[in-house]
Amino acid sequence: MPSPDTALVLIDVINPFTFDGAEDLLAHAGPAVDAIADLARRAREAGVPVVYVNDHFGNWKESFDDLVERCATDDVPGREIAQRLRPVDGDYHVLKPKHSGFFQTPLESLLAELGARRLVLAGFATDICVLATAMEASMRDFDLVVPQDAGAAETAAAHEAALVHARRVLHAETPPASAVDFGVPAEVA
């Protein structure tokens, strides 16, 4: 049974995929979507908070809800992923201006209010925003889980290097998403 101090943090999953390198990232992101969707489903069923930590992609006037609608309904390359991974009532969200979910955001305060000390981090890109968030979480003494199949980078090598760094330096667990224990069994494929 998981401890009641866990939060699932989904990083940049609501994403238009319209930046340099996005085509390569999108090609690798597809397989991670099912794992992320299952993590979110199981977390919600177990009462574990789901927190969307999302880049605003330079649009300082856009709210998180506006970003979700734009990415899920406009003709953008990330539309199918945004539709599949869009938040539900009760989920939390934080907009970030840079790579880390902690940099100049209220994420740390939100996690403290939720009582979270163990973070399950999933999303895009593993070697940039997920890793930057994991590094800052580690400096704040959070226990970390970065499921190996619930994220992607522009290359498989960059993804794997980020996971190796997370294990070696940040002492993160990197199990398959289906092995992350929220107290609810993983969906059988």
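Q: Are K96 and D55 buried or exposed?
A: In this predicted model, both K96 and D55 are buried.

Q: What joins K96 to D55, and where do the two residues lie?
A: The two form a salt bridge in which the closest N and O atoms are 3.8 Å apart, a distance to be read against the cut-off of 4 Å. K96 lies in strand β3 and D55 in strand β2 (residues 50-55), so the pair ties together parts that are 41 residues apart in sequence.

Q: How many salt bridges are found in the whole structure, and which of them link distant parts of the chain?
A: The search finds twelve salt bridges, one of them between the side chains of D91 and R44, at 2.6 Å from N to O. D91 sits in the loop between α3 (79-85) and β3 (92-96), whereas R44 belongs to helix α1 (residues 22-45), and the pair links distant parts of the chain, 47 residues apart. Of these partners, D91 is buried, with a relative accessible area of 16%, while R44 counts as partly exposed at 29%.

Q: Which residues are linked in a network of salt bridges?
A: Such a network links D38, R41, R42 and E45.

Q: How many disulfides are there, and why is C71 not bonded to C129?
A: A disulfide is a covalent bond between the sulfur atoms of two cysteines. The search of the whole structure finds zero disulfides; the sulfur of C71 is 14 Å from the closest cysteine sulfur, in C129, and is therefore too far for a bond. C71 is buried, with a relative accessible area of 0%, and C129, at 7%, also counts as buried.

Key
Residues are numbered from 1 along each chain as its sequence is written. This is a predicted model: local features need pLDDT of at least 70, side-chain atom pairs count only at pLDDT 80 or more; totals for chains, interfaces and linings use all residues. Side-chain values use heavy atoms; hydrogens and water are left out. A disulfide is a pair of cysteine sulfur atoms within 2.5 Å. Buried means under 20% relative accessible area, exposed over 50%, partly exposed in between (1.4 Å probe, protein chains only). Helices (H or I, at least four residues) and strands (E, at least two) are DSSP runs, numbered from the N terminus.
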